[in-house]
Amino acid sequence: MDRFVSNFTNRLDSKGRVSIPAPFRAVLARDGFEGLYVHPGLDAPALDAGGNALLAEINALLETLSPYSEERDFLSTALLGTSEILKVDPEGRVTFSDALKAHAGITDTVTFVGHGHKFQVWEPERFRAHLDEARARVRELKKNLGRSGANGSPVRSATSLSPGASGA
């Protein structure tokens with residue numbers, strides 16, 4: 001598989017290193033990126049990480065913007081200017097900088113969370129709270145999608161189709 005899936009929780013060792021989960025290391029190896037590209041999450045207290053696939057997505061996003069636009073400058077600063085390329089040791093471990101750890105609230109344990117083309121690194125309690133919120137939002141989204149037809153228009157209930165009921 002060439003996608004980051006599932007989640008794994010690992011402890012930092014006494015030197016501050018943490019092992020990237022083996023399935024994630026396998027995806028990185030197939031991706032061919034030397035090291036681990038990491039930047040602070042834009043909208044979450046987590047780190048976004050990956051290799052060439054993540055960088056390609058960032059570059060594709062930046063290419064949609066005018067080269068000298070303020071939007072491109074801001075995104076470049078946030079996605080490239082605050083990023084780090086971490087060395088992965090022979091045992092598959094990395095050491096996050098103090099700035100990265102501070103952004104994510106990482107102390108002694110991290111949770112790696114697959115997002116397909118990238119993965120995120122969370123402080124475990126923050127991830128659990130995020131997961132609870134994500135599940136609640138997905139349940140609401142599912143309800144709303146259930147109220148819409150395949151083309152996005154509302155599905156009429158049996159009562160809206162009864163004689164005398166107005167409908168569009």
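**A tour of the helices**

The chain holds five helices and eight strands, where helices (H or I, at least four residues) and strands (E, at least two) are DSSP runs numbered from the N terminus. This is a predicted model, in which local features need pLDDT of at least 70 and side-chain atom pairs count only at pLDDT 80 or more, while totals for chains, interfaces and linings use all residues. Residues are numbered from 1 along each chain as its sequence is written, and side-chain values use heavy atoms, with hydrogens and water left out.

Begin with the whole chain, which reads β-β-α-β-β-α-α-β-β-α-β-β-α along the sequence.

Next, select helix α1, residues 22–31, and display Phe-24, Val-27 and Leu-28, which are buried (under 20% relative accessible area, with a 1.4 Å probe and protein chains only). These residues lie on the same side of α1, because they cover an arc of only 100° around the axis, taken from the directions from the helix axis to the C-beta atoms. Now add β1 (7–11), β3 (36–40), β4 (47–50), β7 (109–114) and β8 (119–122), which are among the elements covering the buried residues of α1. Just after α1 comes Gly-32, with a positive phi near 85°.

Then move to α2 (residues 52–63) and α3 (residues 70–81), which pack at an angle of about 165° with their axes 10 Å apart; α2 is therefore roughly antiparallel to α3, a label for angles over 145 degrees. To see the contact (heavy atoms within 4.5 Å), select Leu-55, Ile-58, Leu-61, Leu-62 and Glu-63 of α2 together with Arg-72, Leu-75, Ser-76, Leu-79 and Leu-80 of α3.

How values were computed. Buried means under 20% relative accessible area, exposed over 50%, partly exposed in between (1.4 Å probe, protein chains only). Axes are lines fitted to C-alpha atoms, for helices over the stretch in contact, and angles run from 0 to 180 degrees between N-to-C directions. Angles under 35 degrees count as roughly parallel, over 145 as roughly antiparallel, 65 to 115 as roughly perpendicular and the rest as oblique.
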